[in-house]
Amino acid sequence: MAPTLDVAFAHRYPDGTEIRVEEVRLPAEPGRVTVLFGESGSGKSTFLRILAGLLRPAAGRVVFDRQPWLDTGRRLFLPPQQRRIGFVFQDYALFPHLTVFRNIACGLADLPRATREARVREAMDWLGLNGLADRMPSRLSGGQQQRVALARALVRQPELLLLDEPLSALDVQLRDRLRAELHALLVKTGIPAIVVTHDPCEALALADELVLLHRGRLLQSGPPTHVFNHPSSPEAAQMLGVETALDAVVESREGVLVRIVAAGVALTAVSPAPLAPGTHATACIRAEDVLLAAPGKPTGSARNHLPARVIRLSEAGGLMRLELDCGFPLRATLTRPSCEEMNLQPGSLIQAVIKAPKIHLIPRS
Amino acid sequence: MIDWTAVRLTLALAATTALILLVVGVPLAWWLATTPRRWVGWMEAVVALPLVLPPTVLGFYLLLLLGPRGPVGAPLESLLGLRLVFSFPGMVLASVLYSLPFAVQPFAAGFRGVDRRLVEAAWCLGLSRTATFFRIVVPLCRPALLAGFVLSFSHTVGEFGVILMVGGNIPGKTRTLSVSIYDMVQSMDYVPASMTAGALLAFSFLVLCAMYSLQTLTRASLWPRHST
């Protein structure tokens with residue numbers, strides 16, 4: 001049986017905020033990345049701290065790969081020291097009085113000196129930290145600090161890696177660059193990872209499994225493109241802010257224009273980042289960026305004209321929400337008068353028009 | 001001239017007091033710093049009491065407690081033959097109580113200043129609570145520990161009221177430097193009094209200078225100025 005992480009808990013903070021997660025089973029196969037996604041106060045950090053054993057909830061159960069870590073019913077609570085986890089803190093929490101080498105070696109005190117040094121060197125080598133062994137943390141760049149924190153967590157060969165907003169302490173340009181890198185790294189570790197983030201791009205770039213948390217409740221979980229395309233509730237859809245997310249592959253590139261293929265359909269997108277052909281990416285399209293036109297010859301300046309069929313119409317907040325099939329499910333919103341003018345019904349054939357800059361690409365490793 | 005016996009006695013008293021406060025004060029301060037404030041408010045008040053209490057008041061109660069007929073002094077004397085009043089151990093006990101806030105408050109401030117996440121990071125790396133304390137917290141709090149040690153040492157050197165009440169003024173046994181200054185002034189020996197007073201002033205000033213420059217150095221090595 002593939003390893004899983006089973007979690008259920010209820011915790012109330014002194015200020016009255018309650019975080020309650022009903023029984024959820026997360027995949028914990030080697031190298032699999034689960035993202036806990038939600039805004040601040042959604043309970044995602046509480047979730048992570050309970051997994052780490054840094055917080056003991058009023059009631060709860062955590063079972064990792066058939067080992068019980070927490071069971072308040074049986075008064076069982078393993079402290080973080082006994083959980084074989086690696087925790088990467090939001091601002092990395094490197095020990096300011098220890099060099100890079102000693103930071104990484106800190107968790108290996110029980111190993112013989114030679115083994116310990118070999119393991120630290122190996123981790124530093126793996127994360128490209130060579131030459132920084134004697135550096136103090138305050139003399140490292142943000143990206144280097146992140147890698148030291150990762151090395152310090154990985155060197156103990158944990159069974160589960162926990163990362164709290166791993167990219168939020170970095171500046172924007174670096175964040176964009178490290179996002180894809182981090183995913184590749186997490187996969188390469190062969191250790192299941194749980195990542196907390198409030199950034200939808202980060203969630204899409206990192207997640208193999210996405211868990212939505214909202215106001216202390218778990219809203220939905222599943223593979224990210226599934227969660228994005230089939231939000232189970234209006235809150236979920238609103239949280240994600242993107243109505244359509246597609247797995248896409250870059251086919252060719254000409255300046256900032258990128259040809260991609262998603263579900264067998266060719267699309268043109270704009271990406272300021274240089275994406276090589278063959279790169280996997282998630283293509284995000286907001287419903288309000290999809291225009292509708294009568295079927296026929298493409299006109300106008302937009303790069304994407306897709307023959308589509310209306311699947312479903314529904315009203316939401318005074319606007320009409322449409323589900324279209326154009327080889328992949330696409331969501332669009334339009335006003336009621338436009339809808340009536342075009343006489344749209346389920347089954348109507350139309351043309352969906354999307355400007356290239358409105359297809360947002362999030363590269364995955 | 002300066003009473004060198006009093007100098008030796010004063011230094012022995014201050015060193016013993018500061019060492020005892022390091023051993024007793026560190027766990028007490030750690031407990032105060034890591035327990036929610038609403039539970040430890042009363043304990044903090046007890047620790048801080050010597051800051052506002054007239055030394056004679058503390059000395060008076062200690063004298064009552066430790067005296068040969070006191071509730072602590074009587075059993076000690078009858079069981080162990082130990083008399084605390086007008087003796088060195090009694091003065092040490094009085095100094096420890098009187099200098100408690102000078103050690104515990106800087107220690108606790110230092111412990112409170114340690115980023116909680118560093119402690120949690122150490123736990124997640126498998127370090128036990130004790131190992132975390134000695135390998136992470138203590139090194140980070142070195143300036144605060146040094147401050148508490150130096151302050152309790154110098155405060156004891158300058159102690160007068162409590163010492164006089166509990167220790168009395170026995171030359172060579174309980175007469176400390178500040179008590180000897182008082183004696184000299186009483187007998188109009190202004191020259192040795194001013195020499196002793198001047199030496200104490202210079203000592204206190206130098207100790208504080210040394211402490212603050214050490215602290216600045218430690219901080220600078222941990223947190224060099226960034227070129228941002």
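Biologist: Which residues of H1(A) are buried?

Modeller: This is a predicted model, and burial is read from it by counting neighbours: a residue is buried if 20 or more other C-beta atoms lie within 10 Å of its own. In H1(A), the buried residues are A:Lys44, A:Ser45, A:Thr46, A:Phe47, A:Leu48, A:Arg49, A:Ile50, A:Leu51 and A:Ala52.

Biologist: How many residues of helix H1 (residues 44-52) of chain A are buried, and is the helix mostly covered or uncovered?

Modeller: Start with the general idea. An α-helix has 3.6 residues a turn, so residues three or four places apart point the same way. In the present case, 9 of the 9 residues of H1(A) are buried, and the helix is mostly covered.

Biologist: What comes just after H1(A)?

Modeller: A:Gly53, which has a positive phi of about 85°.

Biologist: Why is strand S8 (residues 160-164) of chain A described as largely enclosed?

Modeller: The same neighbour count, with its cut-off of 20, applies to strands. Because 5 of the 5 residues of S8(A) are buried, the rest of the structure largely encloses this strand. Side-chain direction is then read on top of burial: A:Leu160, A:Leu162 and A:Asp164 point one way, A:Leu161 and A:Leu163 point the other way, and all are buried.

Biologist: Which strand is joined to S8(A) by bridges from residues 85-88, and which residue stands opposite A:Leu163?

Modeller: That is strand S7 of chain A, which runs parallel to S8(A) and is joined to it by 4 bridges. A:Val88 stands opposite A:Leu163.

Biologist: How does S8(A) pair with strand S9 (residues 193-197) of chain A, parallel or antiparallel?

Modeller: Parallel, again with 4 bridges. In this pair, A:Asp164 of S8(A) stands opposite A:Val196. Between the two strands the chain passes through helix H5 (residues 172-189) of chain A, and the resulting β-α-β crossover is right-handed.

Biologist: Turning to the antiparallel sheets, what is the strand order in the open sheet that contains S16 of chain A?

Modeller: The order is S16-S20-S17-S18-S19, 5 strands with antiparallel pairing. In an open sheet, look for the strands that pair on one side only; here these edge strands are S16 and strand S19 (329-335) of chain A. Averaged over this sheet, neighbouring strands are turned by 45° against each other, direction ignored.

Biologist: How many bridges hold the edge strand S16(A) to strand S20 (residues 349-354) of chain A?

Modeller: There are 3 bridges, in the antiparallel sense. One residue pair to look for is A:Leu292 with its bridge partner A:Ala352 in S20(A).

Biologist: Where does A:Pro295 lie, and is this residue buried or exposed?

Modeller: A:Pro295 sits in the loop between strand S16 (291-293) and strand S17 (304-316) of chain A. A residue counts as exposed if 12 or fewer other C-beta atoms lie within 10 Å. A:Pro295 has 12 such atoms and is therefore exposed.

Biologist: Which residues does A:Pro295 touch, leaving out those up to four places away in sequence?

Modeller: A:Pro307, A:Leu349, A:Ile350 and A:Gln351. A separate distance links the loop to A:Ala308, which is 13 residues from A:Pro295 in sequence and 8.5 Å away in space, C-alpha to C-alpha.

Biologist: What is the order of the open sheet that contains S15 of chain A?

Modeller: S14-S13-S12-S15-S21, an antiparallel sheet of 5 strands. Its edge strands are strand S14 (265-270) and strand S21 (360-363) of chain A. Strand S15 (residues 280-285) of chain A is joined to S21(A) by 4 bridges, and A:Thr282 has A:Ile362 as its bridge partner there.

Biologist: How many helices and strands does chain A have, and what share of its residues is buried?

Modeller: Chain A has 9 helices and 21 strands, and 43% of its 365 residues are buried. Contacts give a further view of the fold: among those in chain A with a separation of 6 or more, 65% are between residues 24 or more positions apart.

Biologist: How many residues does each chain give to the contact between A and B?

Modeller: The size of an interface is often given as the accessible area lost when the parts come together. Here residues are counted instead: 17 from chain A and 16 from chain B. The side of chain A that touches chain B divides into 11 nonpolar, 4 polar and 2 charged residues.

Biologist: What ipTM and pTM does the predictor give the complex?

Modeller: An ipTM of 0.82 and a pTM of 0.81. Chain B averages a pLDDT of 90, with 96% of the residues scoring at least 70.

Technical notes
Residues are numbered from 1 along each chain as its sequence is written. Chains are lettered from A and ligands numbered from 1 in the order in which they are written. This is a predicted model: local features need pLDDT of at least 70, side-chain atom pairs count only at pLDDT 80 or more; totals for chains, interfaces and linings use all residues. Two residues are in contact if their C-beta atoms, placed from the backbone, lie within 7 Å. Ala, Val, Leu, Ile, Met, Phe, Trp, Tyr, Cys and Pro count as nonpolar, Asp, Glu, Lys and Arg as charged, and the others, Gly among them, as polar. Two strands pair if DSSP finds at least two bridges between them. A crossover is right-handed if, with the strands pointing away from the viewer, the path from the first strand over the helix to the second runs clockwise. pLDDT is the predictor's confidence in each residue, from 0 to 100. Axes are lines fitted to C-alpha atoms, for helices over the stretch in contact, and angles run from 0 to 180 degrees between N-to-C directions.
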